[in-house]
Amino acid sequence: MNRPLRHIAVFSGVLVLALLVRVTWVQFVQADKLANDDNNRRVKIEAYSYPLGNIIVGGQPITGSAETSGDFKYKRTYTDGAMYAPVTGYARQAAGETMLEGVYKKVLNGKDDRLFFNRARGMLTGEKPRGGDVLTTIDAKAQQAAYKGLTDLKATGAVVALDPRTGRILAMASTPSYDPSAFAGQTTAEGKKFEALDDDAGKPMNNRALREIYPPGSTFKILTAAAALEHGTVTDINASSGAPAPYTLPQTRTQVGNDVAGAPCDKASMKTGMQWSCNNVFLDAAHKLGTDKMRETAEKFGFNAEQFVPVRSAKSGYPAKLDQPKTALTGMGQGDLTSTPLQMAMVAAGIANNGKVMKPFMVEELRGPDLSTIEKFDPAPLNPKSPQAVSEGTAKKVQEMMEYTVSDGTASKAKIDGVTVGGKTGTAQHGVNVNDERPYAWFVSYAKQADGTSPVAVAVFVDPKNMDIPREEIAGGKLGGPIAKSVMEAVLKK
């Protein structure tokens with residue numbers, strides 16, 4: 001072989017080798033990345049070439065798959081889509097997945113590694129692929145009560161209900177909402193619907209139960225009371241607090257009054273302060289505790305940490321550094337304090353569960369297409385090393401105050417005949433100058449069974465900015481109390 005031919009042969013061999021190396025690299029090293037690339041249309045076409053698995057509530061699927069035309073043979077459908085959207089999220093052929101649809105995408109489309117043998121068996125038998133199912137903890141009746149309560153008000157808001165004993169999420173509603181079925185496909189019309197929702201000033205695609213944070217207002221007084229009792233700055237809930245009304249914030253001349261006209265708040269006890277939502281009592285309690293002790297107790301209930309339920313929540317915040325006036329303001333749920341509705345439901349649930357806060361979770365079980373269990377989720381404390389956020393004794397005293405607030409105070413809208421109910425109202429100021437906007441309305445509560453245990457705790461949040469209601473009528477008890485009551489009744493009847 002002459003020299004030029006040898007050079008050509010060697011060069012050709014190098015090219016072939018380079019091609020083999022590149023093919024190997026793509027097939028084995030980059031395979032996963034390419035398979036999960038949002039721009040890989042072939043993967044999407046394959047994923048929607050057969051029905052997806054379903055998201056289950058109370059034994060019934062709330063999702064489905066319908067045949068369609070074009071490259072994608074099936075598209076996602078939803079039952080009561082708007083009601084369950086904060087739970088399911090959406091699976092859109094043209095834009096991916098969110099919430100449970102996104103977290104468990106591979107289970108639902110059958111690509112999860114734990115379903116390998118199902119796929120292998122299907123290849124041998126010729127059986128069409130099928131996805132697995134996601135079994136939720138949601139209580140259908142509680143979800144209906146939560147969603148109906150918000151929509152009847154025509155309110156922007158959210159409801160979260162938990163089982164305090166286990167942490168199971170029984171309801172999660174957010175309004176305004178959207179129907180994921182409306183844009184599940186890839187047609188031009190569906191694309192326009194999706195864009196319209198995304199541009200909607202009401203932000204219907206925002207999950208207000210999990211992903212939005214707000215000042216919690218007076219509902220946070222529950223936690224202030226728990227912190228004061230736990231750290232010993234208050235020992236007798238019936239003793240005078242010594243806190244004058246109106247209350248002057250420390251190091252300032254700013255006076256803070258009380259919202260309930262004629263309420264006996266001057267130097268009131270903590271129990272009376274809870275009954276009438278006396279700001280002075282809880283401003284003074286937080287000031288005496290100081291930032292560190294307040295934040296320590298808040299963090300034991302879940303503040304300053306994201307929750308994964310398994311969908312990720314926003315982080316509720318108790319700031320690390322506060323001056324004395326701002327520390328005092330957190331005592332009444334104002335200042336730099338923020339919370340999700342989920343977080344305030346966790347506070348109410350922790351108190352109802354005698355001080356033990358359970359990790360919230362929304363999925364009971366992952367199930368294969370052959371009905372075998374892929375994974376099961378069991379209740380667990382939020383903080384395994386220190387399950388008690390506060391002692392049982394502290395929790396019992398806060399329960400006494402909350403139950404008195406329902407029986408003889410501002411939370412009476414949550415009363416249920418023959419049932420012991422604890423609750424707390426909240427009206428949270430907000431805006432650039434604190435009180436520029438119409439205030440938020442909050443309500444948190446729990447119900448007890450005959451054995452003293454609580455199967456349900458609820459947090460209701462209402463933003464009345466678009467409601468036709470006078471400012472003076474915006475109150476947590478009036479707007480949120482009836483919703484909380486209906487959700488609790490739905491769980492108790494079950």
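Two strands are taken to pair if DSSP finds at least two bridges between them. In this predicted model, 5 strands form an open sheet in the order E9-E8-E16-E15-E14, with antiparallel pairing. The edges of this sheet are strand E9 (169-175) and strand E14 (420-428), each of which pairs on one side only. From one strand to the next, the twist averages 10 degrees.

At the E14 edge, strand E14 is joined to strand E15 (residues 440-448) in the antiparallel sense over 9 bridges. Within this pairing, Val421 stands opposite Ala447 of E15, and Thr425 has Phe443 of E15 as its bridge partner. Although E14 is an edge strand, 7 of its 9 residues are buried, and the strand is thus described as mostly covered.

At the other edge, E8 and E9 pair in the antiparallel sense over 6 bridges. Gly157 has Thr175 in E9 as its bridge partner. The hairpin of E8 and E9 has 6 residues between the strands, and in this hairpin Gly167 takes a positive phi near 90 degrees. Strand E9 is largely enclosed by the rest of the structure, because 7 of its 7 residues are buried; in this assignment, buried denotes a relative accessible area under 20%.

A helix packs against this part of the sheet. Helix H8 (residues 140-153) lies across strand E8 (156-162), strand E9 and strand E16 (456-463). With respect to E9, helix H8 runs at about 20 degrees.

Outside the sheet, the cysteine pairs were examined. A search of the whole structure finds 1 disulfide, formed by Cys265 and Cys278, with their sulfur atoms 2.1 Å apart. This separation of 2.1 Å satisfies the criterion for a disulfide, which requires cysteine sulfur atoms within 2.5 Å. The disulfide of Cys265 and Cys278 is left-handed, because the torsion about its S-S bond is about -75 degrees. The pair links distant parts of the chain, the two cysteines being 13 residues apart. Cys265 is located in the loop between strand E11 (255-256) and helix H11 (270-275), whereas Cys278 is located in the loop between H11 and helix H12 (279-289). Both Cys265 and Cys278 are buried.

Methods: Residues numbered from 1 in each chain as written. Predicted model: local features only at pLDDT ≥ 70, side-chain atom pairs only at ≥ 80, totals over all residues. Heavy atoms only, no water. Helix = DSSP H or I, 4+ residues; strand = E, 2+ residues; numbered from the N terminus. Axes fitted to C-alpha atoms, helices over the stretch in contact; angles between N-to-C directions. Contact = heavy atoms within 4.5 Å. Buried < 20%, exposed > 50% of the residue type's maximum accessible area, 1.4 Å probe, protein only.
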